[in-house]
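Ready for some practice in reading a protein model? Work through the exercises below with the sequence and the structure side by side, and try each task before you look at its solution.

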Amino acid sequence: MLLSQPLLHAAVFALTVLQALASNTFIAAVYEHAVILPATADEPVSPEDALALMNSNMDVLEGAIKAAAQQGAHIIVTPEDGIYGWRFTRETIYPYLEDIPDPAVNWIPCTDPTRFAPAPVQERLSCMARNNSIYVVANIGDKKPCNSSDPSCPKDGRYQYNTDVIFDPEGKLVARYHKYNLFIPETQFNYPKEPEAITFETPFGKFGIFTCFDILFREPAVVLVSELQVDTVLFPTAWMNVLPFLTAVEFHSAWAMGMGVNFLAANTHHTSVSMTGSGIYAPDGARAYYYNMKTEDGHLLVAELDSHPRLTATFPLAVNWSSYALSVERFSPNDNDFGGLIFHDWFTFTELTKPEGKRTVCQKDLCCHLHYKMSEKRENEVYVLGAFDGLHVVEGQYYLQICTLLKCKSTDLSTCGQPVETAQTEFEMFSLSGTFGTNYVFPEVLYSGVQLAPGEFEVLSDGRLISKTRPTKPVITVTLFGRWYEKD
């Protein structure tokens, strides 16, 4: 006897749950999407034209979702702005928005599309999840009417939010998140009145979600991990790479290690604005990642992760980030210390003039210590040890403490801190530490060609970031990126 369609979906979903429950791991997928952008417009397009553009992008996403499901993926994350792009004013984005209800309403848009206001995007995403028996994570826009009784209601009578939605393998809306930390150009959206800490349970762990710029702030990012103890974080993003520390794959991998969680980062792909870099990251390093500034193609990543990483034997030990560095004698200033800018922040640098040795550089309360040995000191490449202890105030305000071993762009010391993508110098060893005032420190190692180093370095419990391979591949930077949230 053939099962009816609803019974078939129920059977497939039940099988998926049983399979997940039977394993301590799950299969994750992220898709880096080369978004089809709308034409720049001064006036809003018609709802029909807006939906046509969004359907064009969802056609691509649906192909990626099907491919991920065929590879056994239980969940797929798609990028921020992945359905309509980002060329909008507050007025011109309005035709692309839908009213997204609270997930407590227990709604499957695929099977009940008329229950609320017209929501063709939510209906289609729901059907993608349901038809492929997979959790689907997407970024869309939410609109909420308001009136004069609300003193913060915008003049046009509505709130507009940058919003993530999650549909489970039955197509049910199980989570909705309104982005709290908007990037400066996002004037088309409103800030939520309060930060949201959104979690949901799955057969393979507790999940949380936030969006792009949120990662640099305590709420909601740190709250989800440190207070709500999620196992996996979902991260739709439209990340513009900023070497040397804020390249997507570099920082996202470091954040997963520093916070001790799985991290599924799906980036948009648009090389003209340096958008690329997606990955599936575990606390012990990247499981799969993608960085490509040469073509305009999308890319699917699929990898296996531990459902509960804190319970695994490979989960990193607790780190006292200042323990070793505080035991090292603070030297007097070096004769060749100098200053330089990295992404608008004024660092104190000292040059590595010898092929091996120990160096210290300090700024305010932060002293950075480096023990190193180069395989060969090249005359055409200069490396420095740098320290920054201060408030970053350009596209947002957040307090940083950074220790970095860094390749300069040229032998001219005034270029130290400028973006570099290639290097030739290998190291026999390095050990980097700092007198951090925060426990939130993210370890980064970036090799030539913007390549990560999974499994090739480790962080000791006393706060030292050390190399494990001998020699290393050519090094762009070795960095301890600290966030002191209390000083923001």
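Two strands count as paired if DSSP finds at least two bridges between them. Keep in mind that this is a predicted model.

**Exercise 1. A hairpin**

Find out how β10 and β11 pair, and how many residues the hairpin between them has.

Solution.
- Step 1: Locate the two strands. β10 covers residues 278–282 and β11 covers residues 285–290.
- Step 2: Look at the pairing. The strands run in the antiparallel sense and share 5 bridges. At least two bridges are needed for a pair, so β10 and β11 qualify with 5.
- Step 3: Pick out one bridge. Ile-280 has Ala-288 of β11 as its bridge partner.
- Step 4: Find the link. The hairpin that joins β10 to β11 goes through 2 residues.

**Exercise 2. Helix α5 and what follows**

Check whether the span of α5 agrees with its number of residues, then work out how many of its residues are buried.

Solution.
- Step 1: The expected span is 1.5 Å times one less than the number of residues. For the 12 residues of α5 (residues 248–259) that gives 16 Å, and the end C-alpha atoms are indeed 16 Å apart, so the two values agree.
- Step 2: Buried means under 20% relative accessible area. In α5, 11 of the 12 residues are buried, so the helix is largely enclosed by the rest of the structure. Among them are Phe-251, His-252 and Trp-255.
- Step 3: Go just past the helix. Gly-260 follows α5 and has a positive phi, near 75°.
- Step 4: Move on to Val-261, in the loop between α5 and β9 (262–267). Val-261 has a relative accessibility of 0%, so it counts as buried.
- Step 5: List some contacts of Val-261. Not counting residues up to four places away in sequence, Val-261 touches residues including Trp-255, Ala-256, Tyr-281 and Ala-282.

**Exercise 3. Helix α3**

Repeat the span check for α3, and say which residue follows the helix.

Solution.
- Step 1: The 13 residues of α3 should span 18 Å at 1.5 Å a residue, and the end C-alpha atoms lie 18 Å apart, which agrees.
- Step 2: Of those 13 residues, 10 are buried, so α3 is mostly covered. Arg-124, Leu-125 and Met-128 are among the buried ones.
- Step 3: Ser-133 comes after α3, and its phi is positive, near 50°.

**Exercise 4. Salt bridges**

How many salt bridges does a search of the whole structure find? Describe how the bridge between Arg-124 and Asp-59 and the one between Asp-156 and Arg-90 tie parts together.

Solution.
- Step 1: The search finds 17 salt bridges.
- Step 2: In one of these, the side chains of Arg-124 and Asp-59 meet at 2.6 Å, N to O. Arg-124 belongs to α3 (residues 120–132) and Asp-59 to α2 (residues 47–70), so this pair ties together parts that are 65 residues apart in sequence. Asp-59 is partly exposed, with a relative accessible area of 47%.
- Step 3: Asp-156 and Arg-90 also form a salt bridge, at 2.6 Å, N to O. Asp-156 is in the loop between β3 (135–145) and β4, while Arg-90 is in the loop between β2 (75–77) and α3, so the parts tied together are 66 residues apart in sequence. Asp-156 counts as partly exposed at 32% relative accessibility, whereas Arg-90 counts as buried at 15%.
- Step 4: Asp-488 and Arg-483 form a salt bridge at 2.8 Å, N to O. Asp-488 is partly exposed, with a relative accessible area of 40%, and Arg-483 is buried, with 1%.
- Step 5: Look for shared partners. Asp-59, Glu-62 and Arg-124 are joined into one network by such salt bridges.

**Exercise 5. A charge without a salt bridge**

Explain why Asp-168 and Lys-172 do not count as a salt bridge, then find what the side chain of Asp-168 reaches.

Solution.
- Step 1: Asp-168 is in the loop between β4 (158–167) and β5 (173–178).
- Step 2: Asp-168 is buried, and Lys-172, the nearest side chain of opposite charge, is 4.6 Å away. A salt bridge needs a distance within 4 Å, so this pair does not count.
- Step 3: The side chain of Asp-168 does reach the backbone nitrogen of Glu-170, at 2.8 Å.
- Step 4: Leaving aside neighbours within four places in sequence, Asp-168 is in contact with Ala-129, Ile-134, Tyr-135 and Val-174.

How values were computed. Residues are numbered from 1 along each chain as its sequence is written. This is a predicted model: local features need pLDDT of at least 70, side-chain atom pairs count only at pLDDT 80 or more; totals for chains, interfaces and linings use all residues. Side-chain values use heavy atoms; hydrogens and water are left out. Helices (H or I, at least four residues) and strands (E, at least two) are DSSP runs, numbered from the N terminus. Buried means under 20% relative accessible area, exposed over 50%, partly exposed in between (1.4 Å probe, protein chains only). Lys and Arg count as positive and Asp and Glu as negative; His and the chain ends are not counted. A polar contact is a pair of N or O atoms within 3.5 Å; within protein, one must be able to donate a hydrogen and the other to accept it, and residues adjacent in sequence count only if both atoms are side-chain atoms. Contact means heavy atoms within 4.5 Å.
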